[in-house]
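Trainee: I am new to this structure and would be grateful for a close look at a single part of it. Please describe how that part is placed against its surroundings.

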Amino acid sequence: MLSVSTKGRFVRRISSTEATRESITQGPTVVVPPKHLMAPSNASEVSTAMETARLELERTTTPGTPPTPTETTVTDKYAFAFDIDGVLIRGGRPIPEAIEAMKMLNGENQYGIKVPYIFVTNGGGKTEQERCLQLSQQLEMEVSPGQFICGHTPMREMAEKFKTVLVVGGEGEKCRHVAEGYGFKDVVTPGDIIKDNQDTTPFRKLTDEEYKNSRLRNFGEVEIEAIFVFADSRDWASDQQIILDLLMSKNGRLGTRSEKFDEGPPVFFSHNDVVWSASHDLTRIGMGALRVSLEAMFKAVTGRDLETTAFGKPQIGTFEFATRLLQQWRKDTHDIDSPPDTVYFVGDTPESDIRGTNEFDKHAENSWYSILVHTGVFEEGTKPKYKPRATVDTVLDAVKHGIKLEYEKFYNASLQTLKEKAIIEDVCEE
């Protein structure tokens, strides 16, 4: 058995032949990585004491054979963050390697270690609870809302700023319910506006179900303070007509017109992905395309440029929000009250996932490491506009890549600690 001092704490490494339940419970125990994952050492260049320590490290594992884990522990050094569509799910069905990747992170691996992780998707249109239930069924595991970020999740921090808001997109009344769940006090939908004045959208009539669920009120007396596009529009023509009416209004009051078209409410999009990976063989246009279209139409009608705001990836604010969520999740679930040294972000879209991760890495206090997979938007054989730190085939390969890097770092740090200890001992003997 070998004990190594790390930042004032002694970490014991126990071989599988020596381990007992009593010895395992006496302080932190670390399983040494297998030899095939270890970086080459320069032990021949150090003292005999260093060589002895290195041999002791290698003795705890048979070459080429992973150690038998004594129990599952949780690492506090690193974590993963995953995009969903094109990485874990495609067309509503799980990518086969995704299930194996999640099992590996949950402790079913040769090291007996659990790795914390969160999900950061630009998709939305449902509550986080509903999305988590769906993802849990797809991945055959439990996913908690505490580890899940939709494109519109950060919008909940704006509920105190705006009272009456228009919420656009999604199926039926789901986005209204999401917004109300976030704390928005007065939520309006396009259906409410059409119910008040059916001539608002000449080519769209509400179905019986839509008419029943829409809320009747006099919008000539209502000032809408902000517009939130929570999810992809199901009817671009009518939604854009209503948004344009508000943008050209006086202080968000429908039926009015501003002289300079500069008095309308601000517009917020939950993300800016122009395309996304669905069940179709080719990518489909997304909310980013709606944003571009709206800005172009506003320019054509008013002659002015329209400034809109997008959340989601690659916006820095979403990664900051993800950082807070990850730290809270680690604290609540694993009793780890500190940020990880490294976050491995796995995505399929260079323009959002990779770009956002790389940009945030420049500002974050810890390291954010971008990994691009080939199972989604990215087309093999093309050169991504934003270069990832690593490119792999599937999410399972991404998880293996990150774990391998961490064990190489762990091994190198262990050797350095032992080298320093050996040098100190040599000096003391002299």
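Mentor: Helix 9 (residues 287–302) lies across strand 12, strand 13 (267–269) and strand 16, in contact where heavy atoms are within 4.5 Å. Its direction is at about 155° to strand 13; axes are lines fitted to C-alpha atoms, for helices over the stretch in contact, and angles run from 0 to 180 degrees between N-to-C directions. The model is predicted: local features need pLDDT of at least 70, side-chain atom pairs count only at pLDDT 80 or more, and totals for chains, interfaces and linings use all residues. Residues are numbered from 1 along each chain as its sequence is written, and side-chain values use heavy atoms, with hydrogens and water left out. Helices (H or I, at least four residues) and strands (E, at least two) are DSSP runs, numbered from the N terminus.

The three strands under helix 9 belong to an open sheet of five strands with parallel pairing, in the order 11-10-12-13-16; two strands pair if DSSP finds at least two bridges between them. At its edges are strand 11 (186–188) and strand 16 (309–310), each pairing on one side only.

Helix 9 also packs with helix 8 (residues 236–247), at an angle of about 50° and with the axes 11 Å apart. Helix 8 is therefore oblique to helix 9, since angles under 35 degrees count as roughly parallel, over 145 as roughly antiparallel, 65 to 115 as roughly perpendicular and the rest as oblique. From helix 8, Trp236, Gln240, Ile243, Leu244 and Leu247 meet Ala289, Leu290, Ser293, Leu294, Met297 and Phe298 in helix 9.
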